[in-house]
Amino acid sequence: MKILNLPQNRIPEAIDLANRVFRKDEGDMGKDYPALFSLENAKNILCIEEDEKIVSIFGLLFKDVQIFSARIRTVLVGSVCTDEKYRGRGYSTLLMNEAGNYSIKQGASLMMISGDNSIYRKFGAVDAGVYYAHFVNGDSAVKYHEATLDDLDNLMIFHTKDPVRFIRDKKTFKTMIETSKADNMPAKIFVSDKAYVVVTEGVIEKDKEKRYHCVEHGGCQIDVANLIRSVAKQMNPMVIHTTSADCVLNEIFASNSLRRRFIGTVKILDSKLFLNQLKPYLEELPYEVKIMDDLSEMTKYVFGSTEYESKSLQIPLPDYGLDYV
């Protein structure tokens, strides 16, 4: 058994393993997550080779997160899986610990994981961030259409108006439009002349009815509100997901809303590195953030958490949206 960075010529083997675990019926993880399984990112997929086969993988994708005036180097974790025949040997735990050290060496101070299980919890990842879900009434008449590549420039402009977001270049945004996946679900992007929204379709288990979720938005928040109200006329019931940075949206839809948790788990990987990257924003605040020995508690204190009863700073974190891996 040995740990290695995935060689480019073995990407199809890793995708095949991910498909056997996550896409047993249909679908292709390589097509759903092209950035993660790209040639450029192969070296960031940690894997275990056993019997001359890739039997366990741990996907890492490095992104910058903009939090107002600060930029945080962040690593996203996804497609973590082990071949059924090789489970119970602690391979995912081994890769989890390796991933933490590897990510810090790459300059990442924060890890966001699209999952919540004992492996991540033992590593110290926790529920973090303050998020809301608001029910939307369809009572606006904004003209909109489903986005195409012709809308790419406008989408990029609208995205930059969000003060808390994942940084995307043109190539990344183009791939996201072509892939049309958000939060591990098929998604549609609707755009007006002032804003965009990303909508997924889910099913309410208790009554098997459809429910639509706006899991990402861009543009001035008043324009986002008007757009999602228009979309909600055709796609109903509609819920818009927001962060603590979405002050206008949270106020507009406050009458029919609830606080929700992040759909995965989060951990500050290195406290000194994290605070150094957050420094431009912290310098604008009237308080000092101190390093904590317990990184899990520090993560909950800094970002807020449904698991944290004490007063937290509630520094906003972006939601996954199109950046889910």
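Tutor: Let's start with a yardstick: a residue is buried under 20% relative accessible area, exposed over 50%, and partly exposed in between (1.4 Å probe, protein chains only). This is a predicted model, where local features need pLDDT of at least 70, side-chain atom pairs count only at pLDDT 80 or more, and totals for chains, interfaces and linings use all residues. Residues are numbered from 1 along each chain as its sequence is written, and side-chain values use heavy atoms, leaving out hydrogens and water.

Student: Why is Met1 called exposed?

Tutor: Met1 has a relative accessible area of 54%, so Met1 counts as exposed. Met1 sits in the segment before β1 (2–5); strands are DSSP E runs of at least two residues, helices H or I runs of at least four, numbered from the N terminus.

Student: Why is Asp83 called buried?

Tutor: The relative accessible area of Asp83 is 13%, so Asp83 is buried. You'll find Asp83 in the loop between β4 (70–82) and α3 (91–105).

Student: Which residues does Asp83 touch?

Tutor: Leaving aside residues up to four places away in sequence, Asp83 touches Leu17, Arg20 and Val55 (contact means heavy atoms within 4.5 Å). The Asp83 side chain also reaches the backbone nitrogen of Lys85 at 2.9 Å.

Student: How do you know that Cys81 has no bond to Cys47?

Tutor: A disulfide needs two cysteine sulfur atoms within 2.5 Å. The closest cysteine sulfur to that of Cys81 is in Cys47, 11 Å away, so the two are too far apart for a bond. Cys247 is in no disulfide either, as its nearest cysteine sulfur, in Cys220, is 14 Å away. Across the whole structure, the search finds 0 disulfides.

Student: Is Cys81 buried or exposed? And is Cys247 buried or exposed?

Tutor: At a relative accessible area of 3%, Cys81 is buried. Cys247 has 55%, so Cys247 is exposed.

Student: What makes phi of Asp51 worth a look?

Tutor: Phi of Asp51 is near 55°, a positive value in a residue other than glycine. Asp51 lies in the loop between β2 (45–50) and β3 (53–67). Its relative accessible area is 55%, so Asp51 is exposed.

Student: What about phi of Asp183?

Tutor: Asp183 is not a glycine, yet its phi is positive at about 50°. Asp183 is in the loop between β9 (181–182) and β10 (185–191). With 14% relative accessibility, Asp183 counts as buried.

Student: What is the peptide bond from Asn236 to Pro237 like?

Tutor: That bond, from Asn236 to Pro237, is cis, with omega near 5°. Pro237 belongs to the loop between α7 (221–231) and β13 (238–243).

Notes: A polar contact is a pair of N or O atoms within 3.5 Å; within protein, one must be able to donate a hydrogen and the other to accept it, and residues adjacent in sequence count only if both atoms are side-chain atoms.
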